[in-house]
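Colleague: Mind walking me through the pockets in this one? I'd like to hear the reasoning behind each label.

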Amino acid sequence: MRDLIAAEWRKIWTGRAWWALGLSAALLCVLADAGYLTQALDQLPKGTTTEADLTSTLVQGWFMVELVAALATMLAVTREFSNGAICRTALLGGGRGRVLTAKLVAAAGTGAVYALAAGAAAAASPWLFLAGRAWHPQWTTTTTWTLLGVMLVILVGALWGSLLGIVIRQQVVAIVVLLLSTWLVSEGLLRLAPKIGRFTIDEAMAAVYRSGNDGVLPIPWALVVLAAWIVVAGVAGRTLFLRRDLP
């Protein structure tokens, strides 16, 4: 099993996709934090925000790495379905169940790597962005929980991306579904039907990393919703992977 997990790990980290996605995510997070800082520098003298709020916001901006982690694990899965290598993997891996377990373990490990890297960058960002300015970071308990929330949703995102890839199989379709659900469906439902929208996986993640969106669930319930989404996707992915014909 160890060799099988190592093989799945190499599939995720081989090629240009992982570092290109990581570099893109870092750039987006830096740009987002720069935008937050510009707004905050106008608000701080007026007292409409505080250094503690700014510190937490700069940390929270690194949640976007979650999408990159999801795409990285999704691409690794759908690539095998697209080129037909999944059949060979299932035969050499000793069965579909073992292969599925290895893929999910490798996805969780990938999410942990992205989470640790993003966590380190997020923790350092307040000091980097406020260096040489009159304002200074103020790390609070809220900031700590925000950082932990950001790291958790990145880990969950990696699992979610892998499971979506297993369920959908088609690479382009899977990517479109992920992007649309992240950028359009969840936000639209939260605005049009908040009682439904707050139960989407993306809005549950937003609650966990303390996005400040109106109408999201309390964090304990958001964690339950996240777990429910992963369990449902896991059951669906396992059922389809074990019973449906492989390409």
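**Pockets and their linings**

Modeller: Sure, and bear in mind that the model is predicted. In the second largest pocket, 13 residues form the lining, with Gly22, Val65, Tyr114, Ala117 and Ala118 nearest its centre.

Colleague: What makes a residue part of the lining of the second largest pocket?

Modeller: A lining residue has an atom within 4 Å of a pocket point. Gly22 and Tyr114 are among the 13 residues that line this pocket, so each has an atom within that cut-off.

Colleague: Which helices supply that lining?

Modeller: Helix 2, helix 4 and helix 6 (96-129) put in at least two residues each. Helix 6 has the largest share, with 5 residues.

Colleague: How is the lining of the second largest pocket split by class?

Modeller: There are 12 nonpolar residues, 1 polar and no charged ones. Gly22 is one of the residues nearest the centre, and Gly counts as polar, so Gly22 is the polar one.

Colleague: What is the volume of the second largest pocket, and how much space lies in the largest?

Modeller: The second largest has about 180 Å³, and the largest pocket holds about 650 Å³. The latter is lined by 31 residues, and closest to its centre are Gln60, Phe63, Met64, Trp183 and Tyr209.

Colleague: Which helix gives the most to the lining of the largest pocket?

Modeller: Helix 2, with 8 residues. Helix 8 (171-192) and helix 10 (201-208) are among the others giving two or more.

Colleague: And how do the residues of that lining divide?

Modeller: Into 17 nonpolar, 9 polar and 5 charged. Phe63 and Met64 are among those closest to the centre, and both count as nonpolar because Phe and Met are in that class.

Note on methods
Residues are numbered from 1 along each chain as its sequence is written. This is a predicted model: local features need pLDDT of at least 70, side-chain atom pairs count only at pLDDT 80 or more; totals for chains, interfaces and linings use all residues. Side-chain values use heavy atoms; hydrogens and water are left out. On a 1 Å grid over the protein atoms alone, a cavity is a set of points where a 1.4 Å probe fits but cannot get out, and a pocket is an open set with protein on both sides within 12 Å along at least five of seven lines; lining residues have an atom within 4 Å of a point. Grid points are joined across faces, edges and corners, and a volume is the space filled by probe spheres set on the points. Helices (H or I, at least four residues) and strands (E, at least two) are DSSP runs, numbered from the N terminus.
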